[in-house]
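Got your viewer open and ready? Load the model shown here, pick a colour scheme you like, and follow along stop by stop.

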Amino acid sequence: MAKAYHILTLSTLFPNAAKPNFGIFVERQTSGLSKREDFNVTIINPLGIPPWPLSNLERYSELKSLPYHENWRGLNVYRPHFTLIPAVGGKYNPRLIANAIMPLVKKLHAEKPFDAVDAEFFYPDGPAAMRIAAELGIPYSVKSRGADIHHWASVSGCKEQIIKAAENAGGLLAVSEALKRDMIALGMDSDKITVHYTGMDHSRFHPRDREVEKAKLNVTGPLIICVAALIERKNQHLIIEALQHIPNATLMFAGMGPARAKFEALTEQLGLSERVRFLGAVDHDALPSIIAAADISCLVSESEGLANAWVESLASGTPIVISDVGGARELVKDESAGFIVERDSKQVADAINKLLSEPRDQNEVAHNVAHFSWDINSEKMDQHLKNIINIKS
């Protein structure tokens, strides 16, 4: 049977050769949808490149070297450039993205018409999708994942674009019930919003022999893992400070980010350098065994939607210590999953020490997210997009 629906997925976060883990959850969701019988998916991943001479910086040179069009792990991906104005240009990005990719979109639409646009982040993707969908005369959906609402709705000139994109969308998605409530509080129509949980590959993230996995990492004693970008709002400094009160424990950070130097300096200042490892960007294939080796996974961010790191940790049998943000209470319903704490280093240390002194059964921990799967994720995405297409038609 020929695929009936042609979807344009617009996502500013998507893996590439320079950053193979960047937005990998979008890749997994899109891959699942593309494998369904009724769908054909084309992905446009706009790359922001600033004007010269900033464009010569290494991180932008890597992006400029990526192919414009490629088959990425079985997916049809285009990577056109748009002009990025670092630090101050956030409110202009939706328009800059839409203008930059519109010729490509029109060309592809003429060859094989799109039925809907799927924007994978609320900002800047959502307002850009609104412009594209209006030009093509088709419906669009926008998914909110956390910071795209919590951060950008507080930035001058962006909140208005977010609200307008929500008003004109055929449907909206949120990664947690808590995020749906935040969207409603911003003034979005609750009837338009569907909760769409992330998926989970339980063949990769599952309980393992913790001591065997620790030995591979040359770790003895308690192991704490934090899987997240090293940025200020993730509050990794609180975990480093807490480590002073967790005897003999090793702390590993899996992730890159601009705050790494600051966190390394704090580690040295507190005399913890021998107990803290900055792993950098960990290959996604290597991540499951590292998470399964950990006794506890900790992430006390300022904001989240429903962090993939939370779900992956629980699926691996590793309890979590997290802040009360986003969908935290949708995962930590009792102490079998871990603890929700204030963003305070003493509370972090106390929660971790309690989990170390009263270890959770790994299979009971994993049971908390047994209902997360990519098959369910794809099925719900399938129905959501069909609904907005059929309403429009």
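Below is a tour of selections, each with a note on what is there.

Before you click, know that this is a predicted model, in which local features need pLDDT of at least 70, side-chain atom pairs count only at pLDDT 80 or more, and totals for chains, interfaces and linings use all residues. Residues are numbered from 1 along each chain as its sequence is written, and side-chain values use heavy atoms, with hydrogens and water left out.

**Stop 1: the eight-stranded sheet**

Start with the open sheet of eight strands, in the order β4-β5-β2-β1-β7-β8-β9-β10, with mixed pairing. Strands here are DSSP runs of E with at least two residues, helices are runs of H or I with at least four, and both are numbered from the N terminus. Two strands pair if DSSP finds at least two bridges between them. Which strands stand at the edges? They are β4 (69-72) and β10 (193-195); each has a single partner strand, so one side of each is left without a neighbour in the sheet.

Zoom in on β4 and β5 (residues 75-78), which pair in the antiparallel sense over four bridges. Select Trp-72 and you'll find its bridge partner, Leu-75, in β5. Now add helix α3 (residues 93-111), which lies across β1, β2 and β5 and runs at about 160° to β2. That angle is taken between N-to-C directions on a scale from 0 to 180 degrees, with axes fitted to C-alpha atoms, for helices over the stretch in contact. Contact means heavy atoms within 4.5 Å.

**Stop 2: strand β11**

Next, select residues 223-227, strand β11: five of its five residues are buried. Buried means under 20% relative accessible area, exposed over 50%, and partly exposed in between (1.4 Å probe, protein chains only). Show the side chains: Leu-223, Ile-225 and Val-227 point one way, while Ile-224 and Cys-226 point the other way. In a regular strand the side chains alternate between the two faces of the sheet.

β11 has parallel neighbours to look at: five bridges join it to β12 (residues 250-254), and two join it to β14 (residues 296-299). Click Val-227 to find Ala-254 as its bridge partner in β12, then Ile-224, which stands opposite Ile-296 in β14.

**Stop 3: a buried glutamate**

Move to helix α12, residues 308-315, where Glu-312 lies. Eight of the eight residues in α12 are buried. Which side chain of opposite charge is nearest to Glu-312? It is Arg-204, 6.0 Å away, and Glu-312 has no salt bridge. A salt bridge needs a side-chain nitrogen of Lys or Arg within 4 Å of a carboxyl oxygen of Asp or Glu. For charge, Lys and Arg count as positive and Asp and Glu as negative, while His and the chain ends are not counted.

**Stop 4: salt bridges**

The whole structure has 22 salt bridges. Try Arg-28 and Asp-201, whose closest N and O atoms are 3.8 Å apart. Arg-28 lies in helix α1 (residues 24-34) and Asp-201 in the loop between β10 and α8, so the pair ties together parts that are 173 residues apart in sequence.

For a pair within one helix, select Glu-213 and Lys-216, which meet at 3.3 Å, N to O. Both lie in helix α8, three residues apart, about one turn of the helix. Buried or exposed? Glu-213 counts as buried at 7% relative accessibility, whereas Lys-216 counts as exposed at 60%.

Finish with Arg-36, Asp-38, Asp-382 and Lys-386, which are linked in a network of salt bridges.
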